[in-house]
Amino acid sequence: MYSVGELAQMGNISVRTLQYYDEIGLLKPAAKTDGGNRLYGKNESMKLQQILALKFLGYPLESIKRMLGTMDQTWEETLHHQLQSIKKEQEHLKKMESAIRSILQSMELEEELKWDVVQQLVDLYKENPANIKRYLDNYFTQEEQQFLHHLPHLGDENQEVREWVKLIKEVKANLDKDPSSEVAQSIAKRWMDQVNTMFHDNEELRDKSWNEIKNTHSPMGNYPIDADVIQFIEHAVEELYKQHK
């Protein structure tokens, strides 16, 4: 027989944890001493191993208690169900990671935490994928959608996103400049160079995507770019094309 301290040491858990398992009826001692101290046998030791293994696999204690009692599913069915739950949780955590990164990038872009922008970003991540797919199907071919899927997006951790954040910040800092000025033309050229590189000079898809960026009601997952930034870029790019005709 093992004392509560010995079993706790074997399972690398605290004595209080074993006491709690006893309180909730998850792992009862085999016997007690005359002084009321808990004693555990080999069966309890084996059951503790099962509890700790299932806990590691993500099962809550209430589920473990039911599983080690009477189950209405086989172990294989239960584990498959848990695997699917873990995959869903991983997807959710991945979304959370991207959302937090998006907010950090927006803070760099805005140079402050803007809660209206945070809310818009959170709403984008909460958007039903089926709604986005239906919307995309109305405006883009399957081939175009596949291409768009691989473009850099806010929330991604790559150099392209960092370059876009840097460039948009530069636009914001120069909104008062004339579109034909040297500064505005330098920005416009770098903007179009990045855009054309990103879209592999596919002008049709580039223009369709730009229209979606300007559409504040689009569920595509675009960063909410201020109207004055869009206006500055369009005027500066228009002037750029005039100068190169």
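**Exercise 1.** In which helix is the place of Ser106, and is Ser106 buried or exposed?

*Solution.* Keep in mind that you're working with a predicted model.
- Step 1: find the residue. Ser106 sits in helix 5, which covers residues 75-110.
- Step 2: check its accessibility. The relative accessible area of Ser106 is 2%. Buried means under 20%, so Ser106 is buried.
- Step 3: look at who's around. Skip the neighbours within four places in sequence, and Ser106 touches Glu111, Glu112, Val117, Leu121 and Tyr223.

**Exercise 2.** Stay in helix 5 and work out whether Leu104 is buried or exposed, then find the nonpolar surface patch that includes Leu104.

*Solution.*
- Step 1: Leu104 is also part of helix 5.
- Step 2: its relative accessibility is 53%. The cut-off for exposed is over 50%, so Leu104 counts as exposed.
- Step 3: Leu104 joins Ile100, Met107, Leu113 and Trp115 in a nonpolar surface patch of about 530 Å².
- Step 4: helix 5 gives the largest share of that patch, with 3 residues.

**Exercise 3.** Sort residues of helix 8 into buried and exposed ones, and explain why the buried ones are on the same side.

*Solution.*
- Step 1: helix 8 runs over residues 142-149, and its buried residues include Glu144, Gln145 and Leu148.
- Step 2: these three span an arc of only 100 degrees around the axis, so they lie on the same side of helix 8.
- Step 3: recall the general rule. An α-helix has 3.6 residues a turn, so residues three or four places apart point the same way.
- Step 4: turn to the other side of helix 8, where Gln142, Glu143, Gln146 and His149 are exposed.
- Step 5: ask what does the covering. Helix 7 (129-139) and helix 11 (203-214) are among the elements that cover the buried residues of helix 8.

Notes: Residues numbered from 1 in each chain as written. Predicted model: local features only at pLDDT ≥ 70, side-chain atom pairs only at ≥ 80, totals over all residues. Heavy atoms only, no water. Buried < 20%, exposed > 50% of the residue type's maximum accessible area, 1.4 Å probe, protein only. Helix = DSSP H or I, 4+ residues; strand = E, 2+ residues; numbered from the N terminus. Arc of directions from axis to C-beta. Contact = heavy atoms within 4.5 Å. Patch = residues over 30% accessible without salt bridge, like charges linked within 9 Å, V, L, I, M, F, W, Y side chains within 5 Å. Areas by Shrake-Rupley, 256 points an atom, 1.4 Å probe, with all protein chains shown as cover. Salt bridge = Lys/Arg side-chain N within 4 Å of Asp/Glu carboxyl O.
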